[in-house]
Amino acid sequence: MPHDVLSPEEPVVGKHVKSEQEQLVADRPSIKDWTDLRLGWWGFVRKNLDEPMPPGVGWWQTLGNLLMTLLAFQFVTGLALAMFYSPGTESAYLSVKHINEGHPVGLFVRGLHVWGSTLIVCVTVAHVLRVFFWGSYKKPRELTWVVGVMIFNVILGFSFTGYLLPWDQKAFWATTVGTRIAGTLPVVGQGLMTLIRGGEEVGALTLTRFYAIHIMVLPAALMGFTALHLYLVRRHHIAGPVVPQKGEPVKFYPNQLFKDAIVVLLGVGILAYMSLSMPPSLEAIADPTGADFAPRPEWYFLGMYELLKIMPAGWEVLATAVIPGFVTVGMLLVPWIDRAKSRHPAYRHWTIVAGTAVILMIGIMTLKGILETPPEHKAAHAAEKVSVGTPEVTPVPRLESGR
């Protein structure tokens with residue numbers, strides 16, 4: 001073979017007289033050398049460890065790796081739960097009950113999965129807020145931000161579809177109200193609600209559809225978006241502090257890797273503690289005829305829930321489509337809407353003011369929903385209205401206020 005042709009055995013152009021030790025390694029490579037020659041894994045690892053980091057990068061840049069770790073936990077625990085879960089109206093509740101009570105570590109694994117979803121939403125929100133206020137979405141990282149927003153929406157989709165799977169009263173009525181919201185959309189609302197439910201009411205087809213979306217559609221979307229996000233981060237590198245600091249770029253290893261490891265260990269420790277100290281509950285089995293349960297969505301959907309309650313009759317679409325759609329489109333377009341050249345918040349006045357107003361609105365509505373507990377008799381009235389169903393769109397404020 002000519003010496004100017006590269007190969008795993010001759011990766012360097014030109015003649016090279018191998019020493020006796022080198023020849024021995026080439027003739028009888030160890031498993032480590034063999035896998036490195038075939039896969040080039042050490043070069044990949046070395047490249048990432050040597051990733052140049054702008055001076056001033058610190059703890060705030062650890063959220064991305066923490067999020068990746070929590071997502072990995074979610075995949076592993078989700079796979080373990082799927083091995084014992086049966087997506088049928090007769091078997092779903094019993095299989096979750098078996099996971100809770102019939103397996104030595106079932107409740108702990110389910111706790112990791114349930115509380116992991118909450119921590120993932122918290123870390124994602126913190127990550128998005130850091131990128132927004134630091135202006136890290138500016139050129140050339142516009143697409144990195146857009147893909148990140150898509151990941152955030154996929155994560156919310158995981159939460160919404162996973163909520164129904166235990167098939168208890170809490171899951172059933174929260175999903176009934178959540179899917180009913182889709183029915184308030186003009187023109188396509190009723191058709192969309194029927195498509196989501198697989199019929200007029202929440203039932204067996206709703207459960208199987210949510211399960212299929214939860215374990216197949218959303219994971220595929222998440223993996224695709226995450227791979228693209230990581231590629232873009234590696235291509236354009238992470239943005240440094242808002243005010244550039246003097247100094248030479250530093251390698252990711254060891255300083256930043258050390259910080260990442262501390263935050264990841266702390267996050268995993270908090271997740272394990274929550275799973276052990278606050279095991280996930282399982283209410284009574286879903287009963288469509290029951291009218292004595294107070295349906296409430298998970299805390300990250302309480303903002304929309306409270307917004308619906310203050311909307312006058314006939315204006316529900318503002319809370320269900322217009323305002324959420326406006327916020328989502330605004331997030332996607334913010335790299336092009338924000339025309340300021342500087343990343344510093346002090347020079348991005350209206351962008352920061354508008355973003356802060358939206359964040360405060362969502363935060364206040366969410367806090368209001370957390371603090372308020374709907375009266376039981378009103379909740380029963382709402383549940384009865386939802387279960388009966390009407391051919392026309394039920395005004396959401398009446399439905400919500402009746403909860």
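This tour visits a histidine in a helix and then several salt bridges in a predicted model.

**Stop one: His113**

Select His113. You are in helix α6, which spans residues 106-133. Is His113 buried or exposed? His113 has a relative accessible area of 17%, so it counts as buried, the cut-off being under 20%.

Now show its surroundings. Leaving aside residues up to four places away in sequence, His113 touches Gln74, Thr77, Gly78, Leu81 and His214. Zoom in on Thr77. Its side chain makes a polar contact with the side chain of His113, at 2.9 Å.

**Stop two: Asp50 and its partners**

Turn to charged pairs. Side chains of opposite charge can pair when their charged atoms come close. The structure holds nine salt bridges.

Select Arg46 and Asp50. Their side chains form a salt bridge, 3.1 Å from N to O. Arg46 is partly exposed at 31% relative accessible area. Asp50 is partly exposed too, at 25%.

Keep Asp50 and add Lys251. These two form a salt bridge, with 4.0 Å between the closest N and O atoms. The pair links distant parts of the chain, 201 residues apart. Lys251 sits in strand β2 (residues 250-251), while Asp50 lies in the loop between α3 (41-49) and β1 (52-53).

**Stop three: Lys368 and Glu372**

Select Lys368 and Glu372. Their salt bridge has its closest N and O atoms 3.4 Å apart. Which other residues join this pair in one network? Add Glu306 and Lys309: salt bridges with shared partners connect them with Lys368 and Glu372.

Finish with exposure. Lys368 is partly exposed at 30% relative accessibility. Glu372 is also partly exposed, with a relative accessible area of 31%.

Definitions and conventions
Residues numbered from 1 in each chain as written. Predicted model: local features only at pLDDT ≥ 70, side-chain atom pairs only at ≥ 80, totals over all residues. Heavy atoms only, no water. Helix = DSSP H or I, 4+ residues; strand = E, 2+ residues; numbered from the N terminus. Buried < 20%, exposed > 50% of the residue type's maximum accessible area, 1.4 Å probe, protein only. Polar contact = N/O pair within 3.5 Å; in protein donor to acceptor, adjacent residues only side chain to side chain. Contact = heavy atoms within 4.5 Å.
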